[in-house]
Amino acid sequence: MKSVAKKMVRLALSSAALVLSVLLAVCPVSCRSAGEGLSLLSGDFTVPSLTACAVTDSNHVQLTFSKAVDARFLSLCEKGGEELTVSVDKSDNPVVTVTTKQPLTVGKQFVLAGEIADRHGNTLTFSVPLTGYNDRVPALALTELRNNWSKANDRTEYIEILCLSDGNLSGIEFDNAYKAGKKKYVFPSVEVKKGEYIVLHLQTLTEDDSEDPKAGVADELGTNLNLSTVNAKECLATSRDLWAPCTDKTLGATDIVVLRNTNDGGTILDAVVYRTDGKESQWSSYYDTLAKDIIASGVWHNADGDADCSLDCAADITALKTAATKSLSRKKVQSLSAQNISACSSDWTVTASSGYSPGKKNSVN
């Protein structure tokens, strides 16, 4: 009986030790046992997060964290290439500025990786892709759009853009209110010349029952403008064709279309505001958000010449209906310049039937 009792005691002690080890494993280090029970140690045990990363110029990257941090180490490498020499302010601050000796050249891809720690020792390891800074953004004007498309006829919704100066398209962003930011398209690094037309097709045409692009659908990123051949009337050899990675509708019957420069934080380069009778209810809170930015930019105004962006001063496209051979076109395009882009509703009109002209001079001029 004594041996049995001893075995029972050993078993109980083993069980107690096991329970204690489990408690220690799951109990956070911020807890301690006190005479009156369990109490929590004070302090910050949350891990900092990276909330924003922006290339602010060709030699600086700004990282914003959720709290003040120090950089333990940072590494900046060209994608598939060598590591760049960097320096960083390691002071206790939520904003960390990385300075690179070699420039972050437009068109190149980079990876910034590192580890930061807050004042309590909580750490975060991160890796983010970067695109070289574009300090040669051209002046751009929206000159035509169509908000109807027909996959059966190889026709897409599109926006037409006229380059008013030389430059590079890297970091230029298309956005529209109807899709509330869900169909944004950021242009790749492409060298363009003054007077060049760009047609951004807002759907990538695909083969039946497939996600594969149709033959003749190709981004024209270099000097060869003969790559897109899927529709000879809408993909001209004299203009540059680009294709958004989308296979459904993008533009609304009532909409705001915007070109932004993400290289400087989002300056509005140009915009067009239009409406369709009976579809004014599409105007939502995202429309209001874009409208505020457009008013601040001054690129759209009312009949009195005051900066405005509302249904009252929107171009009327009711006559466009579902016609795929009509478009909303800008008048007096020849008078546009890098210093003269601002427009109002009377500067835009719906073309006559078969008056659409993606990639060339508008028929309404």
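Which residues does Ser75 touch, not counting residues up to four places away in sequence? Keep that question in mind while you get your bearings.

**Getting started**

What you have open is a predicted model. Show the whole chain as a cartoon, and you will find 2 helices and 22 strands. Of its 365 residues, 44% count as buried. Among contacts between residues at least 6 apart in sequence, 64% join residues at least 24 apart.

Now colour the chain by pLDDT. The average is 89, and 88% of the residues score at least 70. Select residues 15-35, where the pLDDT is below 50. Beyond near neighbours in sequence, this stretch has 14 contacts in the model. Where pLDDT is low, the predicted coordinates should not be read in detail.

**Stop 1: Ser75**

Select Ser75, which you will find in strand β4 (residues 60-78). To answer the opening question, show Glu83, Val111, Leu112 and Ala113: these are the residues that Ser75 touches, leaving aside those up to four places away in sequence. With Glu83 there is also a polar contact, side chain to side chain, at 3.1 Å. Ser75 has a relative accessibility of 19%, so it counts as buried, the cut-off being under 20%.

**Stop 2: Asp154 and Lys214**

Next, move to Asp154, in the loop between β10 (140-146) and β11 (158-163). Its relative accessible area is 18%, which makes Asp154 buried. Add Leu205, Lys214, Val230, Asn231 and Glu234 to your selection; Asp154 touches each of them, again not counting residues up to four places away in sequence.

Zoom in on Lys214. Its side chain meets that of Asp154 in a salt bridge, 2.7 Å from N to O. Lys214 sits in the loop between β16 and β17 and Asp154 in the loop between β10 and β11, so this pair ties together parts that are 60 residues apart in sequence. Like Asp154, Lys214 is buried. Side chains of opposite charge can pair when their charged atoms come close.

**Stop 3: more salt bridges**

How many salt bridges does the structure hold? There are 14, and two more of them are worth a visit.

Keep Glu234 on screen and add Arg146. The side chains of Arg146 and Glu234 form a salt bridge at 2.8 Å, N to O. Because Arg146 lies in strand β10 and Glu234 in the loop between β16 (197-201) and β17 (240-243), this pair ties together parts that are 88 residues apart in sequence. Both partners are buried. Now add Arg155: Arg146, Arg155 and Glu234 are linked in a network of salt bridges.

Then select Lys249 and Glu157, another salt bridge, with the closest N and O atoms 2.9 Å apart. Lys249 is in the loop between β17 and β18 (255-261), while Glu157 is in the loop between β10 and β11, 92 residues apart. Is each partner buried, partly exposed or exposed? Glu157 is buried, with a relative accessible area of 0%, whereas Lys249 is partly exposed, at 30%.

**Stop 4: the nonpolar cores**

Hide the charged residues and select Ile159, Phe174, Phe187, Leu200, Ile256, Val257 and Leu259. In the largest nonpolar core, which has 47 residues, these touch the most other members. At least two core residues come from each of β10, β11, β13 (172-176), β16, β18, β19 (267-275), α2 (285-297) and β22 (348-350). Which element gives the most to this core? That is β19, with 6 residues.

For a closer look, centre on Phe174. Among the residues it touches, beyond those up to four places away in sequence, are Ile159, Tyr185, Phe187, Leu200, Val257 and Leu259. Apart from the largest core lies another, of 20 residues, and you can locate it by selecting Leu63, Leu76, Leu124 and Tyr133, which are among its members.

**Stop 5: the cysteines**

Finish by selecting the cysteines. The count of disulfides comes to 0. Look at Cys344: the closest cysteine sulfur, in Cys313, is 8.8 Å away, too far for a bond, since a disulfide needs the sulfur atoms within 2.5 Å. Cys344 counts as buried, at 9% relative accessibility. Cys246 is buried as well, with a relative accessible area of 7%.

Note on methods
Residues are numbered from 1 along each chain as its sequence is written. This is a predicted model: local features need pLDDT of at least 70, side-chain atom pairs count only at pLDDT 80 or more; totals for chains, interfaces and linings use all residues. Side-chain values use heavy atoms; hydrogens and water are left out. Helices (H or I, at least four residues) and strands (E, at least two) are DSSP runs, numbered from the N terminus. Buried means under 20% relative accessible area, exposed over 50%, partly exposed in between (1.4 Å probe, protein chains only). Contact means heavy atoms within 4.5 Å. A salt bridge is a side-chain nitrogen of Lys or Arg within 4 Å of a carboxyl oxygen of Asp or Glu. pLDDT is the predictor's confidence in each residue, from 0 to 100. A nonpolar core is a set of buried Ala, Val, Leu, Ile, Met, Phe, Trp, Tyr and Cys residues joined through side-chain atoms within 4.5 Å. A polar contact is a pair of N or O atoms within 3.5 Å; within protein, one must be able to donate a hydrogen and the other to accept it, and residues adjacent in sequence count only if both atoms are side-chain atoms.
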